[in-house]
Amino acid sequence: MADLGDELGIERFYRSFSAGATLYYAGAPADEVYLVREGRVRLVKKARGVERTTGVFGPGELLGEEALLPGAHRSATAEAIEPLTALVIESDTFRALTRKRPEVGEGAMQQLIRRVRRAEEQLENSLLPDPTLRVINTLLLAAEDSEVTTLPLSPLELSTRTGLDLDHVKAVVGQLRERGYLAVGEQTISIEDASALRQLHDLLALKEDVRHGLSCR
């Protein structure tokens, strides 16, 4: 999404947050929308005393969109992973902006559609018992979605999208890297051979199908 601050002359509405700072808390009234300019932020939910990251957002991404619904409350806590700068827009102002600039609303809608797709991806992954298969499935879907083989994925975001804990994700990615399927950067994962990774995915999926078939007898 374009830098709205430059378009609207509202640079004064940008806020900076230090790493670890909380943008908002779960359960609090939702009255502002956040557009990330620099840095990354994660959404955290707590269930039975255990915190889990449910989403990671970076530059150009919108979060806090529940504020667009009258009387809404935050569904999760938002925390800055690293030093963060974000445009913070009150919900009324954002709605007025989308009426004035329809492309802004369209951009927000496209982001929400991508989140729905990721939710479907997480549901699909929850049905895959093999953690390696979960990671490969997520990487292949991400590559199809962006049409590139170098993916802007951190281990934390991959953990969120696969539903696996962070240490497990790092272990699986490390194994795939050692076998030559992946190259790993600080915040990126590159698929070295998409065809080979797809073949591995299909082989693991076949093994799961056979295992499931035998267990049902």
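Student: Which residues of H5 are buried?

Tutor: This is a predicted model, in which local features need pLDDT of at least 70 and side-chain atom pairs count only at pLDDT 80 or more, while totals for chains, interfaces and linings use all residues. Residues are numbered from 1 along each chain as its sequence is written, and side-chain values use heavy atoms, with hydrogens and water left out. Helices (H or I, at least four residues) and strands (E, at least two) are DSSP runs numbered from the N terminus, and buried means under 20% relative accessible area, exposed over 50%, partly exposed in between (1.4 Å probe, protein chains only). Helix H5, residues 155–162, is mostly covered, and its buried residues are Glu157, Leu158, Ser159, Thr160, Arg161 and Thr162.

Student: Which residue just after H5 takes a positive phi?

Tutor: H5 covers residues 155–162. The residue just after this helix has a phi of about 80°, and it is Gly163.

Student: Which helix gives the most residues to the largest nonpolar core?

Tutor: A nonpolar core is a set of buried Ala, Val, Leu, Ile, Met, Phe, Trp, Tyr and Cys residues joined through side-chain atoms within 4.5 Å. The largest one has 23 residues, of which Val135, Leu139, Leu158, Leu176 and Leu182 touch the most other members. Helix H4 (131–146), helix H6 (166–178), strand E11 (189–191) and helix H7 (194–215) each supply at least two residues. With 7 residues, the helix that gives the most is H4.

Student: Which residues does Val135 touch, leaving aside those up to four places away in sequence?

Tutor: Contact here means heavy atoms within 4.5 Å. On that basis, the residues touched by Val135 are Leu158, Thr162, Leu164, Val172, Val173 and Leu176.

Student: How far apart are the end C-alpha atoms of H6, and what span should its 13 residues have?

Tutor: The expected span of a helix is 1.5 Å times one less than its number of residues. For the 13 residues of H6 this should be 18 Å, and the end C-alpha atoms agree, being apart by 18 Å.

Student: Which residue offers a side-chain oxygen at the start of H6?

Tutor: A polar contact is a pair of N or O atoms within 3.5 Å; within protein, one must be able to donate a hydrogen and the other to accept it, and residues adjacent in sequence count only if both atoms are side-chain atoms. Here the backbone nitrogen belongs to Asp167, and the side-chain oxygen that reaches to within 3.2 Å of this nitrogen belongs to Asp165.

Student: Which residue meets Glu32 in a salt bridge?

Tutor: A salt bridge is a side-chain nitrogen of Lys or Arg within 4 Å of a carboxyl oxygen of Asp or Glu. Glu32 lies in strand E3 (residues 32–38) and its partner in strand E1 (residues 14–17), so the pair ties together parts that are 17 residues apart in sequence. Glu32 is buried at 15% relative accessible area, whereas the partner is partly exposed at 38%. The N to O distance is 2.9 Å, and the partner is Arg15.

Student: Which residue forms a salt bridge with Glu144?

Tutor: Glu144 lies in helix H4 and its partner in helix H7, so the pair ties together parts that are 54 residues apart in sequence. The closest N and O atoms are 3.1 Å apart, and the partner is Arg198.

Student: In E8, which residue is the bridge partner of Tyr34?

Tutor: Two strands pair if DSSP finds at least two bridges between them. E3 and E8 pair in the antiparallel sense over 6 bridges. The partner of Tyr34 is Val88.
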